[in-house]
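Let's take a look at how this protein packs its insides together. Have the structure open while you read.

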Amino acid sequence: MNCLICGSPFQSAPTWKSLILYEIQPNACTRCLIKFQKTDHAIDFSDFQGTVYEGMVDEVTGLYTYNAAMKNYLHQYKFMQDVALSQVFAEQLRHVFNQTEGIIVPIPMHPEKKRIRTFAQVDELLKSAGIPFQHLLTKIATSEQGKKSRKERLEASTLFEVIGKVEAKTYILFDDIYTTGATIHQAGKALKDLGATKVEAITLIKG
Amino acid sequence: MPDQQVTEFLTGRIWLREHAPFPREVIDAHIESGHIHLKPGIDSSQSTFLFWQLNKYVCNRCHNSNQTLFHTFDCARCNKKCVYCRHCIRMNRVSSCSELILWNKEPARGVKLHEFNWSGTLTPLQQKASEELLKSVERNESHLLHAVCGAGKTELLFPAIFASLLEGKRVCVAAPRTDVILELFPRFQKVFPKTVIHALYGGAPDQEGFAQLILSTTHQLYRFEEAFDVVFVDEADAFPYYADETLQRAVVKAAKQGATIHYVTATPTDSLKTTNKSFLSRRYHGHDLPVPMFESLWGYNRRLNKGKVPQKLQEWIEEKQKNNIPFLVFLPTIDMLENFPGDLPRVHAEHPERKEIVMQLREKKIPGLLTTTILERGITIENVHVAVVGAEQKIFTASALIQISGRVGRSFNYPSGDIVFFHHGITHEMDEAKSSIERWNKL
């Protein structure tokens, strides 16, 4: 098959694991995949201490660094609207989410923005990986986070509204990129205010 | 009355409605008046095979019909299953719910006022080929201009292009690579100072007016339909043109019905069929083409994997460095290029500073350069010597090897130089390249 990223033909080596266990076949060639750099450690968000968001998120994990390869990937995926690229990280995401327990909640897009982009990139990543999720949040502000400073982002009025029932359980937020942490903390607060016991977060990229 | 700017822009083009560089109301008004015609982005046809429903898609912009390059998803715009073409996605996505716009009536017309400002001289051979091409263009018969590397083929096109422009025809010079378009643009602007010329390539700036002469990468022709009266395809043998059928179809689609397509190449393939043919076997400076030497480099792969440069190759590189001769070493794969021992600078297709590094070699700021086949054509470096490592590998076809050999001895002051094929066994392709060059030298 051909690599989803560079288009050149490649063959993935068969492994015992893929023969015996269920494994999503890679959709990109090794040469493209090794350019993505993994980060294993949890994201430090101590900068939220002393704000109203302190304690609203218990743990954040970012899977990859925001390097040149990732920038290109995200550009082609989100802005050039190449939905097929949602499959590139399917196996990785499946692996990570298998180790967690909780209700998975993707960070939503504003409906109007979603209509313009024609798809919600965060949902598609989960769909490709076959991970079940629940839409518990809806976005009410249209303004884009990317154009604001951290201070502006935190002072902004509530970004999310909860749709559906929040229980005393663990929730795992999922987003494509963690930059200042404002989005994740706002979403965490929305869930904890309504009784969630624990809120973890996983993002594909640590910006 | 249609808007002049819209007319000039859209005549001959096929464009995504949502990305048209005009306000939405303006486009809507022209659709209403019948000046703009709409086409769906993707055509689909269904067939049943036993109990299977098979969908077959074709992209109406790039005419891609390779089904693995279509992707289906739940579209939040049309709320249906939508299909989009991944093949031409770099030019903004075409999907089933997007519309393409085409200019339908009252097209923009070319003018007949042009100036031909060229005072160079042609060699008798160039002159003959140039006249033959002009005759074919006037008779509307397709022509293949086969000219060896360094023969000076661009100049030959000028008279035929000028004659076409004077008749008010719209002319396109297409080439597979951006580098070539960038090199041609200033030359053409000088030669045709009164003609509106646009240069189109990925990332090109917006250009105004109705261009009667368009220099375009073959990729950009996806965005044209029935636009040109005369088309010249330069370097018709270059990657990716010969390997990508949609690019070949794009050229045909961009030409008006009944228009002729002419080809210019140093290594014609049998698939290029034209009515007439000219052959230019001599370089403009009159000297022979450098003939490749075969040099065995047994087990070079194993040696390179150990982090060592094979001895013969090492000696060749050292000799060039000692004598201050710029050199290029062509390698078959990006892997080998990246892992090549030592600190020689290296470039491949994805290298962001490719142009700058080639410039440094030209200015002798670096002794030599490792490269993939990306530099096989279109570059001229005075007195450069060339080595091909792993010349037996599949990527080095006869035409690639002829092009690579064509980098040597192009300048008047240094008409010769080394071209060495380092190999682990001699292939048919290597033999063919060498014998073709020897044959042309004898003509």
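How much area is buried between domain 1 of chain A and domain 2 of chain A, and what percentage of it do carbon and sulfur atoms give? Keep in mind that this is a predicted model. The answer is about 810 Å², with 61% coming from carbon and sulfur atoms.

Here's who's who: chain A splits into domain 1, residues 1-34, and domain 2, residues 37-206. Where the two meet, eight residues of domain 1 are in contact with nine residues of domain 2. Three names stand out on the domain 1 side: A:Leu4, A:Ile5 and A:Ile24 supply 58% of the area that domain 1 buries against domain 2, more than any other three residues. Looking for salt bridges between these two domains? The count is zero. Residue pairs in polar contact, with both residues at pLDDT 80 or more, also come to zero there.

Now for the nonpolar cores. In soluble globular proteins, nonpolar side chains tend to be buried together. Two cores to find in this model:

| Core | Size | Residues, among them |
|---|---|---|
| Largest nonpolar core | 62 residues | B:Ile161, B:Phe188, B:Phe192, B:Leu213, B:Phe232 |
| Second, separate core | 43 residues | A:Cys32, A:Leu85, A:Leu125, B:Tyr84 |

The five residues in the top row are those with the most contacts inside the largest core. Helix H4 of chain B, residues 154-166, gives the most to this core, with seven residues. The core also draws at least three residues from each of domain 2 (124-280) and domain 3 (293-442) of chain B.

Zoom in on B:Ile161: leaving aside residues up to four places away in sequence, it touches B:Val171, B:Val173, B:Phe188, B:Phe192, B:Leu213 and B:Phe232.

Definitions and conventions: Residues numbered from 1 in each chain as written. Chains lettered and ligands numbered in written order. Predicted model: local features only at pLDDT ≥ 70, side-chain atom pairs only at ≥ 80, totals over all residues. Heavy atoms only, no water. Core = buried A, V, L, I, M, F, W, Y, C linked by side-chain atoms within 4.5 Å. Buried < 20%, exposed > 50% of the residue type's maximum accessible area, 1.4 Å probe, protein only. Helix = DSSP H or I, 4+ residues; strand = E, 2+ residues; numbered from the N terminus. Domains from an automatic or database assignment. Contact = heavy atoms within 4.5 Å. Buried area = accessible area lost by both parts, 1.4 Å probe. Salt bridge = Lys/Arg side-chain N within 4 Å of Asp/Glu carboxyl O. Polar contact = N/O pair within 3.5 Å; in protein donor to acceptor, adjacent residues only side chain to side chain.
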